[in-house]
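Here are some notes on the model, set out as numbered points. Please read them beside the sequence and the structure.

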Amino acid sequence: MKAQVGDRLIPDGDTDRIGLVIGLQNADGSPPYVIKWLSGGHIALVSPGPYARILPADPADTAEPGGAPA
């Protein structure tokens with residue numbers, strides 16, 4: 001499993017818990033990840049389980065109004 005800052009983590013297929021990857025511990029994007037849980041804003045160091053999924057960051061999330069990248 002590899003991630004980049006801005007990706008989203010869904011742990012063990014639980015779509016009620018979605019985390020935003022805000023930091024990497026390893027330069028190659030392997031776990032663990034620093035995650036900010038979207039539901040409550042809690043920040044945690046997470047080592048995802050075998051059924052977790054990484055959703056790539058949506059470029060639209062980082063664009064400023066008018067289409068220019070942030």
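1. S3 and S4 are paired antiparallel, with four bridges between them. Two strands count as a pair if DSSP finds at least two bridges between them, and the strands themselves (E, at least two residues) are DSSP runs numbered from the N terminus, as are helices (H or I, at least four). Ile-35 has Ala-44 of S4 opposite it. The two strands make a hairpin with five residues between them, and in the turn Gly-41 has a positive phi of about 85 degrees. Most residues other than glycine have a negative phi, and most peptide bonds are trans.

2. On the basis of the description: this is a predicted model, in which local features need pLDDT of at least 70 and side-chain atom pairs count only at pLDDT 80 or more, while totals for chains, interfaces and linings use all residues. Residues are numbered from 1 along each chain as its sequence is written, and side-chain values use heavy atoms, with hydrogens and water left out.

3. The chain has zero helices and five strands, giving the pattern β-β-β-β-β along the sequence. S2 and S3 are antiparallel and share five bridges; Leu-20 has Lys-36 in S3 as its bridge partner. S1 and S2 also run antiparallel, joined by two bridges, and Leu-9 stands opposite Gly-19 in S2.

4. Of the 70 residues in the chain, 26% are buried. Buried means under 20% relative accessible area, exposed means over 50%, and partly exposed is in between (1.4 Å probe, protein chains only). Of the contacts with a separation of 6 or more, 37% are between residues 24 or more positions apart; contact means heavy atoms within 4.5 Å.

5. Which residues make up the largest nonpolar core? The ten are Ala-3, Leu-9, Val-21, Tyr-33, Ile-35, Trp-37, Ala-44, Val-46, Ala-52 and Ile-54. S3 and S4 each supply at least two residues of this core, and the largest share, three residues, comes from S3. A nonpolar core here is a set of buried Ala, Val, Leu, Ile, Met, Phe, Trp, Tyr and Cys residues joined through side-chain atoms within 4.5 Å. In soluble globular proteins, nonpolar side chains tend to be buried together.

6. The side chains of S4 alternate. Ala-44 and Val-46 point to one face and are buried, whereas Ile-43 and Leu-45 point to the other face and are not.

7. Ile-54 belongs to strand S5, residues 53–55. Leaving out residues up to four places away in sequence, Ile-54 touches Met-1, Lys-2, Ala-3, Asp-7, Arg-8, Leu-9 and Tyr-33. Lys-2 is 52 residues from Ile-54 in sequence, yet the C-alpha atoms are 7.8 Å apart. Ala-3, with the same sequence neighbours left out, touches Val-21, Leu-24, Gly-29, Tyr-33 and Ile-54.

8. Asp-7 deserves a look. Asp-7 sits in the segment before strand S1 (8–10) and is buried without a salt bridge, the nearest side chain of opposite charge being Arg-8 at 7.5 Å. Lys and Arg count as positive and Asp and Glu as negative, with His and the chain ends not counted. The side chain of Asp-7 does reach the backbone nitrogen of Gln-4, at 2.8 Å. Beyond four places in sequence, the residues that Asp-7 touches include Gly-19, Ile-54 and Pro-56.

9. How many salt bridges does a search of the whole structure find? There is one, between the side chains of Asp-28 and Lys-2 (3.3 Å, N to O). This pair links distant parts of the chain, with Asp-28 in the loop between S2 and S3 and Lys-2 in the segment before S1, 26 residues apart. A salt bridge is a side-chain nitrogen of Lys or Arg within 4 Å of a carboxyl oxygen of Asp or Glu. Asp-28 counts as partly exposed because its relative accessibility is 48%.

10. Ser-30 lies in the loop between strand S2 (19–24) and strand S3 (33–37). Ser-30 counts as buried because its relative accessible area is 16%. The side chain of Ser-30 makes a polar contact with that of Asp-28 at 2.7 Å. A polar contact is a pair of N or O atoms within 3.5 Å; within protein, one must be able to donate a hydrogen and the other to accept it, and residues adjacent in sequence count only if both atoms are side-chain atoms. Outside its neighbours within four places in sequence, Ser-30 is in contact with Met-1 and Lys-2.

11. Pro-32 is also in the loop between S2 and S3. The peptide bond joining Pro-31 and Pro-32 is cis, with omega about 5 degrees.
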